[in-house]
Amino acid sequence: MSVSNPPESPCLVIDLNRVRANYRALQAALPSARIRFAVKASPVPEIIRLLNDEGAEFDVASVGEIELCLAQGVDPAVMCYGNPIKKAAHIAAAHAAGVRRFASDTEDDLVRIAEHAPGAEIELRFLASAPASQTPFGVKFGCAPGEAVQLLVRAHDLGLTIAGPYFHVGSQQLDPIAWQIGIEQAGAIAEALAAKDIPVKAVNIGGGLPISYADTAPGVDELGAVIAAAAARHLPEHTALIVEPGRALVGNTGVIHGEVVNVRQAPDGRRWIYLDIGRYNGMAETENEYIAYRFQTDRDGDPMDEVVVAGPTCDGDDVLYQRTRVLLPTTLRAGDPIRILETGAYTASYSSVSFNGFPPLTVHVIGAERE
Ligand SMILES: Cc1ncc(COP(=O)(O)O)c(C=O)c1O
């Protein structure tokens with residue numbers, strides 16, 4: 001990806017053509033699924049408008065994301081307030097804005113939804129017994145699978161509309177079997193509900209679809225085949241499938257253009273490379289070194305050695321990689337440009353407003369919003 005006049009460093013450059021190609025590739029891999037973009041991955045107006053034109057739905061996590069989508073012309077009927085953690089006032093604001101779909105995982109939240117968004121459609125999030133992903137949610141979200149039926153019956157009794165079960169196998173999930181497990185569990189929930197005369201309309205199989213960073217990830221065709229086979233085997237006929245990706249639609253569409261600020265041999269004997277981009281202005285997913293991004297420089301033909309990569313702030317945690325093996329040219333020096341690849345997801349939106357006085361990461365788009 002290139003940008004003719006690179007704006008001031010650091011910045012994120014997003015290629016809209018690749019967003020469109022990703023959307024279409026996923027639709028081709030899962031032809032019967034409804035694709036719902038998780039806005040939090042890249043809340044960029046041009047991306048939202050493009051995906052809206054392509055026919056996507058939108059997973060929104062807050063009133064702010066609802067307003068952002070509305071401002072881009074998205075119909076609230078295709079938004080789902082997918083965050084199980086929400087105040088009564090925010091449920092009411094979403095409902096007033098026309099949002100009628102909500103995710104939930106507790107009775108408390110269901111009661112609040114019934115009061116402030118009466119009749120709304122519920123996707124009940126359960127904790128699937130899937131293997132851990134690269135950036136796992138732990139047990140923060142989702143009821144126990146055995147509790148899901150009871151909560152859906154409660155939702156029905158509260159006058160809410162039942163969409164069906166919902167799971168998210170954790171972000172950057174590298175094992176396709178995770179969806180097979182989740183779909184099988186969702187199928188058991190659907191069967192138990194059918195026995196109570198509550199039909200399931202849809203199963204939301206969440207996001208988590210991985211992309212290749214330094215390590216290669218399974219592609220959408222492989223995932224699509226596993227998901228389609230599991231759905232055919234475990235879900236009642238005519239159950240709609242909803243897939244809710246963030247990373248898989250936008251991760252490989254962005255490149256961060258940064259600069260080397262300093263190079264030194266540190267007292268630990270290692271070569272440290274300090275960049276103008278770090279944990280607090282876009283590289284949040286390097287926490288615990290979960291995501292191993294790829295770097296590119298203009299000196300990549302020179303000899304390489306292993307380095308520690310750190311960000312620009314005076315914070316000791318602002319170190320991107322010290323365990324992950326990162327190789328950079330031995331000739332790299334202050335002022336050199338450096339590009340960080342596949343940084344289209346969970347970067348700019350994570351950027352702090354002014355930590356250490358550094359401004360948030362700026363975003364520039366290239367490519368065509370409309371074909
Ligand atoms: C509710 C919800 N849906 C979908 C996603 C998208 O996940 P991913 O980017 O891994 O596809 C997230 C990510 O945090 C989420 O919280």
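Buried means under 20% relative accessible area, exposed means over 50%, and partly exposed lies in between (1.4 Å probe, protein chains only). This is a predicted model, in which local features need pLDDT of at least 70 and side-chain atom pairs count only at pLDDT 80 or more, while totals for chains, interfaces and linings use all residues. Residues are numbered from 1 along each chain as its sequence is written, and side-chain values use heavy atoms, with hydrogens and water left out.

**Exercise 1. Find the partner of E369 in a salt bridge and place both residues.**

Step 1. Start with the criterion: a side-chain nitrogen of Lys or Arg within 4 Å of a carboxyl oxygen of Asp or Glu makes a salt bridge.

Step 2. The partner is R49, with the closest N and O atoms 2.7 Å apart. E369 sits in the segment after β16 (362-366) and R49 in helix α2 (residues 45-54), so this pair links distant parts of the chain, 320 residues apart; helices (H or I, at least four residues) and strands (E, at least two) are DSSP runs, numbered from the N terminus.

Step 3. Now check exposure. E369 counts as partly exposed because its relative accessibility is 22%, and R49 counts as partly exposed at 27%.

**Exercise 2. Describe the salt bridges R101 with E121 and E285 with R247.**

Step 1. Between R101 and E121, the closest N and O atoms are 3.3 Å apart. R101 lies in strand β5 (residues 101-104) and E121 in strand β6 (residues 121-125), so the pair ties together parts that are 20 residues apart in sequence. Both R101 and E121 are buried.

Step 2. For E285 and R247, the closest N and O atoms are 2.8 Å apart. E285 belongs to the loop between β11 (271-275) and β12 (295-297), and R247 to helix α9 (residues 247-250), so this pair ties together parts 38 residues apart in sequence. E285 and R247 are buried.

Step 3. Widen the view. The whole structure holds 23 salt bridges, and R101 and E121 belong to a network of them that also links R34, R36, E57, E123, K201 and E244.

**Exercise 3. Work out the surroundings of S104.**

Step 1. S104 is in strand β5, and it counts as buried because its relative accessibility is 0%.

Step 2. Contact means heavy atoms within 4.5 Å. Leaving aside neighbours within four places in sequence, S104 is in contact with K86, D109, L110, I113, I122, E123, L124 and R125.

Step 3. One of these stands out for its chemistry: the side chains of S104 and D109 make a polar contact (2.7 Å). The term covers a pair of N or O atoms within 3.5 Å; within protein, one must be able to donate a hydrogen and the other to accept it, and residues adjacent in sequence count only if both atoms are side-chain atoms.

**Exercise 4. Explain why C80 has no disulfide partner.**

Step 1. A disulfide is a pair of cysteine sulfur atoms within 2.5 Å.

Step 2. The closest cysteine sulfur to that of C80 is in C69, 12 Å away, and therefore too far for a bond. By the rule, the count is 0 disulfides.

Step 3. Compare the settings of two cysteines: C80 is buried, with a relative accessible area of 1%, whereas C314 is exposed at 78%.

**Exercise 5. Locate L174 and list what it touches.**

Step 1. L174 is in the loop between β7 (161-166) and α7 (177-194), partly exposed with a relative accessible area of 33%.

Step 2. Not counting residues up to four places away in sequence, L174 touches Q134, P210, A217 and P218.
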